[in-house]
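Colleague: Could you take me through a model feature by feature, giving the general idea each time and then the case at hand?

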Amino acid sequence: MKFPDEETIRQITETLNDGIMCVYIHKETGELLLIPTQENMDYMGSDFMEEERKELEENEEQYAEISGWETWEAFEYMKVFAEDLSSHPELQEQLLEALSRSKPFRNFKDVLFEDEEVRQQWFDFESKWQQAHVRKRLEFIFD
């Protein structure tokens, strides 16, 4: 199996970022299988995506789950972004302060929305970090 291309990596990243589906990749074909998370399955009903779930159940050994990032990992890349924002020292200080309070994710995003340029830098940084995360998981699977 050849390593998944950049478009597949982007698709996996976006799906994981939504948090609605679990992502599985066939170890030989590279085909993706998307299954609702347990929380969403409870909401959507047991017959939703029944064929996909049956495929996974019957061929579990042929698929590998691509797990998303943990909360602590997301927090760390937010911190890295803030620490690297030396071109905007005041905003940098506000972001680092936001991360030190309760509800750091909410506070961080609130500060970001004060500056359109930095907000876009954050979205670009976040996207690259998440794709790198997915790429590492795939390297482990296809090693």
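Modeller: What follows goes from the overall fold to a helix, a pocket and a few single residues.

Modeller: Please keep in mind throughout that this is a predicted model.

Colleague: Then let us begin with the fold: how many helices and strands does the chain have, and in what pattern do they follow one another along the sequence?

Modeller: The secondary structure consists of 7 helices and 3 strands, and, read along the sequence, these elements follow the pattern α-β-β-α-α-β-α-α-α-α. The C-alpha atoms fill a box of roughly 55 × 35 × 25 Å along the principal axes.

Colleague: What share of the residues is buried, and what share of the contacts joins residues 24 or more positions apart?

Modeller: Of the 143 residues in the chain, 38% count as buried. Among contacts with a separation of 6 or more, residues 24 or more positions apart account for 56%.

Colleague: Now a single helix, please: what span should helix α4 have, and what is the distance between its end C-alpha atoms?

Modeller: The general idea is to take 1.5 Å a residue and compare the resulting span with the distance between the end C-alpha atoms; for the 13 residues of α4, residues 71-83, the span should be 18 Å, and the end C-alpha atoms are indeed 18 Å apart, so the two values agree.

Colleague: Which residues of α4 are buried, and what covers them?

Modeller: The buried residues are E73, A74, Y77, M78, F81 and A82, and what covers them includes α5 (89-100), α6 (104-112) and α7 (116-141).

Colleague: Let me pick E73 out of that list: what does E73 touch beyond its neighbours in sequence?

Modeller: Burial is judged by relative accessible area, with under 20% as the cut-off, and E73 counts as buried because its value is 15%. Setting aside residues up to four places away in sequence, E73 touches G68, W129, H133 and R137. For H133, 60 residues away in sequence, the C-alpha to C-alpha distance from E73 is 9.7 Å. The side chain of E73 also reaches the backbone nitrogen of E70 at 2.6 Å.

Colleague: Turning to open space, how much of it lies in the largest pocket, and which residues line that pocket?

Modeller: The largest pocket holds about 170 Å³ of space, and its lining is made up of L16, N17, G19, M21, C22, T37, E65, I66, S67, G68 and W69. By class, this lining has 5 nonpolar, 5 polar and 1 charged residues, while α1 (6-18), β1 (21-26) and β3 (63-66) each supply at least two of the lining residues.

Colleague: Where does L34 lie, and what is in contact with L34?

Modeller: L34 belongs to strand β2, residues 32-36, and is classed as partly exposed because its relative accessible area is 24%. Beyond its neighbours within four places in sequence, L34 is in contact with T15, M21, C22, V23, M49 and E52. The C-alpha atoms of L34 and L56, which are 22 residues apart along the chain, are separated by 9.6 Å.

Colleague: How should I read the two residues D110 and N107, and in which helix does D110 lie?

Modeller: D110 lies in helix α6, as does N107. With a relative accessibility of 38%, D110 counts as partly exposed, whereas N107 is buried at 14%. The side chain of D110 makes a polar contact with the side chain of R106 at 2.9 Å. N107, leaving out residues up to four places away in sequence, touches A98, R101 and S102.

Colleague: And the loops: is K103 buried or exposed, and what of H88?

Modeller: K103, in the loop between α5 and α6, is exposed with a relative accessible area of 64%, and its phi is near 55 degrees, a positive value in a residue other than glycine. H88, in the loop between α4 and α5, is buried with a relative accessible area of 18%. Beyond its neighbours within four places in sequence, H88 is in contact with D115, E117, V118 and Q121. From H88 to R53, by contrast, the C-alpha to C-alpha distance is 48 Å, with their positions 35 residues apart in sequence.

Note on methods: Residues numbered from 1 in each chain as written. Predicted model: local features only at pLDDT ≥ 70, side-chain atom pairs only at ≥ 80, totals over all residues. Heavy atoms only, no water. Helix = DSSP H or I, 4+ residues; strand = E, 2+ residues; numbered from the N terminus. Expected span 1.5 Å × (residues − 1). Buried < 20%, exposed > 50% of the residue type's maximum accessible area, 1.4 Å probe, protein only. Contact = heavy atoms within 4.5 Å. 1 Å grid on protein atoms, 1.4 Å probe; cavity = no way out; pocket = protein on both sides within 12 Å on 5 of 7 lines; lining within 4 Å. Points joined across faces, edges and corners; volume = space filled by probe spheres on them. Nonpolar A, V, L, I, M, F, W, Y, C, P; charged D, E, K, R; others polar. Polar contact = N/O pair within 3.5 Å; in protein donor to acceptor, adjacent residues only side chain to side chain.
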